[in-house]
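Got a minute to go through a fold together? Have a look at the sequence and the model, and then we'll take it strand by strand.

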Amino acid sequence: MAKQEWKPGNMLYPLPAVLVSTRSKAGQDNLMTAAWAGTICSDPVMLSISVRKSRLTYETIMETGCFVVNTTTEEMALATDYCGVRSGRDEDKWVTMKLEKEEATHMDCPMCAASPICLECVVKESKDLGSHTMFIAEVVAVHADEQYINENGRFCFNKSHPLVYSHGEYHALGKYIGKFGYSVRKNQKKKKRTLEKRAKFRNSSTTKV
């Protein structure tokens, strides 16, 4: 398939559309939408978010060294968009969007009650990359909505109808394709069935009447 060179601004998409919640030392709570976020390490569990220096969230994180990443859903699409285009300097977006708060357990910071997953994060390093500063943070606590946890204790992410962001647009997550490693497991099962058939054939061929 032919490909053409594209401008650098069109990068890797889709990305998770998340709400970053903060609380300043003066007690001001804020929410900001972020798409430039992702897992960067599993042990210890760490993630990163990138924030423009002009944002109130940037100032608050620099001041407190912590924040909460709140995942979003299709039902939260309007609030997610609004929190990305309005400034916390001008209004309380929690109130405007009628978003209920819950208190974090490991830091003085609010969490979004409507979010399926809330990740309490402590900044370990900040990197000034140009237009954005990347905050590298350790996840010190994870809060999951019980309605999405199955009988095996597994979080059913797809059932929460997560929201993603791509090239200025919001999208619902697509259909389930397969579990991690399914391509290998399919081949292993096929190989196992073949070996079982061969073994059964050999046994039947050597059986004495």
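Q: Which residue in S9 stands opposite Cys 66?
A: Keep in mind that this is a predicted model. S6 covers residues 66–71, and S6 pairs with S9 in the antiparallel sense over five bridges. Across from Cys 66 in S9 you'll find Val 122.

Q: In what order do the seven strands of the open sheet come?
A: The pairing in this open sheet is antiparallel. S3 and S4 stand at the edges with a single partner strand each, so one side of each has no neighbour in the sheet. From one strand to the next, the twist averages 35 degrees. Read across, the order is S3-S2-S6-S9-S10-S5-S4.

Q: What angle does the direction of helix H1 make with that of S2?
A: H1 takes in residues 56–64 and packs on the sheet. Its contacts are with S2, S3, S5, S6, S9 and S10. Against the direction of S2, the direction of H1 makes about 55 degrees.

Q: And helix H2, which strands does it touch?
A: H2, residues 77–85, packs on the sheet too. The direction of H2 makes about 100 degrees with that of S3. The strands touched by H2 are S2 and S3.

Q: Which residue in S6 stands opposite Ser 21?
A: S2 covers residues 18–23 and runs antiparallel to S6, with four bridges joining the two. Ser 21 has its opposite number in S6, and that's Val 68.

Q: How many residues lie between S9 and S10 in their hairpin?
A: These two strands pair in the antiparallel sense over 11 bridges, and one of the bridge pairs is Glu 125 with Ile 136 in S10. In the turn, Gly 130 has a positive phi of about 130 degrees. The number of residues between S9 and S10 is three.

Q: Which residue in S5 stands opposite Ala 37?
A: S4 and S5 form a hairpin with two residues between them. Their pairing is antiparallel, over five bridges. Opposite Ala 37, in S5, stands Ile 49.

Q: Is Trp 36 buried, partly exposed or exposed?
A: Trp 36 lies in the loop between S3 and S4. Buried would need under 20% relative accessible area and exposed over 50%. Trp 36 has 32% relative accessibility, so the label is partly exposed.

Q: Which residues make the nonpolar surface patch?
A: The patch has an area of about 330 Å². Trp 36, from the loop between S3 and S4, is one of its members. The full set is Met 11, Leu 12 and Trp 36.

Methods: Residues are numbered from 1 along each chain as its sequence is written. This is a predicted model: local features need pLDDT of at least 70, side-chain atom pairs count only at pLDDT 80 or more; totals for chains, interfaces and linings use all residues. Side-chain values use heavy atoms; hydrogens and water are left out. Two strands pair if DSSP finds at least two bridges between them. Axes are lines fitted to C-alpha atoms, for helices over the stretch in contact, and angles run from 0 to 180 degrees between N-to-C directions. Contact means heavy atoms within 4.5 Å. Patches are made of residues with over 30% relative accessible area and no salt bridge: like charges are joined within 9 Å, nonpolar side chains (Val, Leu, Ile, Met, Phe, Trp, Tyr) within 5 Å. Accessible areas come from the Shrake-Rupley method with a 1.4 Å probe; for residues, only the protein chains shown count as cover. A salt bridge is a side-chain nitrogen of Lys or Arg within 4 Å of a carboxyl oxygen of Asp or Glu. Buried means under 20% relative accessible area, exposed over 50%, partly exposed in between (1.4 Å probe, protein chains only).
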